Amino acid sequence: MSNNIDFYVVPQYTLFGVPKCGRGIPILGIPMEDTVSFRPGTRFAPSVIRTWSQYFEFTPTEDLGIDPLEKACDLGDLSLMQGMADKNLERINLVVKDAINTWGRVVNIGGEHTLSLGVARAVRESQGSYGIYIHVDAHLDSREEWPLGQSLSHATFVRHIINQVRPQSLVFLGFRSYDKEEINFVRGLENSTLLSTRDIRSMDYHELRLLIRGVIDSYPGPIHLSIDVDVLDPSIMPGVGNPEGFGLNYGELLRIIKAVLDYGGSRVKAVDLVEYSPPNDPGLMSLPTIIKLILDVLNYL
Ligand SMILES: [Mn+2]
């Protein structure tokens, strides 16, 4: 790592007890929460996940005969400035770029979804190109302004990725709640692929894998997988800022992740797991799913 070390907070507990980085795939906490419009709390997610992870069994869903935690190391949490979204995005860009240059890829734990804009810039700047942005989310996050008059927020940042970072291709998976203008905008993009929650539910396993493989094989360059956990149904993931009914079940989300990581391989430079909000999580009942999700991502990476 270069001289960005001042930006880190050293965690008391590492995630699942993995060593601090080090070698392996770095896991970085990004507790950014500057543009929240509804229920706040995502800034607490990295520290809560770390502290509680030590009490869970470290078993991924699919036994691949490997220990996913042997691949991982804990990079700690980014130290950010409250309310300064642009400055924080710059800091995220710097540190994530550093992490990709040093370790080849990075898993980011949010924080609010806006942080994916900083990650997208880091992917482009470290790789010299930006291939596919995969947005797994109940929402499209592609409004022009939200709240009205505000250009940069968790509901608009994808439009900034489109205009500034310019992915060759965009994939929206699991959406089910949107504004007419924004869905017309993303549908009208030249290289966008859209599958709603309903579409995904009506596809079988192989159909979904074929579709994801088709996109990945059609566009070269790095892949950025950005997962808002509100894509899951509120019955298993109540701890989010903006819950939406009729969400994916865990197995459906896992199919998406496995297909992207199987076919994307080493082209996947960043995986963002964002929007978990402990203060909105009654009894922290979403935590077992969050813990499993991190383990499964490491398992397939
Ligand atoms: Mn969302």
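The residues lining the largest cavity of this predicted model split into 10 nonpolar, 1 polar and no charged. The volume of this cavity comes to about 60 Å³. Its lining is made up of A45, I49, I109, G110, V229, L273, V274, Y276, I290, L293 and I294. Four elements each put two or more residues into that lining: helix 1 (45-53), strand 4 (106-110), strand 9 (268-274) and helix 9 (287-300). Helix 9 chips in the most, with 3 residues.

Next comes the second largest cavity, with about 50 Å³ of space inside. Here the lining consists of L15, I27, L28, G29, P46, I49, R50, D77 and I109. Two elements supply two or more residues each to this lining, namely strand 2 (25-30) and helix 1. Sorted by class, the residues around the second largest cavity come out as 6 nonpolar, 1 polar and 2 charged. R50 and D77 are the charged ones, while G29 is the polar one.

Some names turn up in both places. I49 and I109 belong to the lining of the largest cavity, and I49 and I109 also line the second largest cavity. Helix 1 likewise gives two or more residues to the largest cavity and two or more to the second largest. As for the overall tally, the structure holds 4 cavities of 30 Å³ or more.

Terms used. Residues numbered from 1 in each chain as written. Predicted model: local features only at pLDDT ≥ 70, side-chain atom pairs only at ≥ 80, totals over all residues. Heavy atoms only, no water. 1 Å grid on protein atoms, 1.4 Å probe; cavity = no way out; pocket = protein on both sides within 12 Å on 5 of 7 lines; lining within 4 Å. Points joined across faces, edges and corners; volume = space filled by probe spheres on them.
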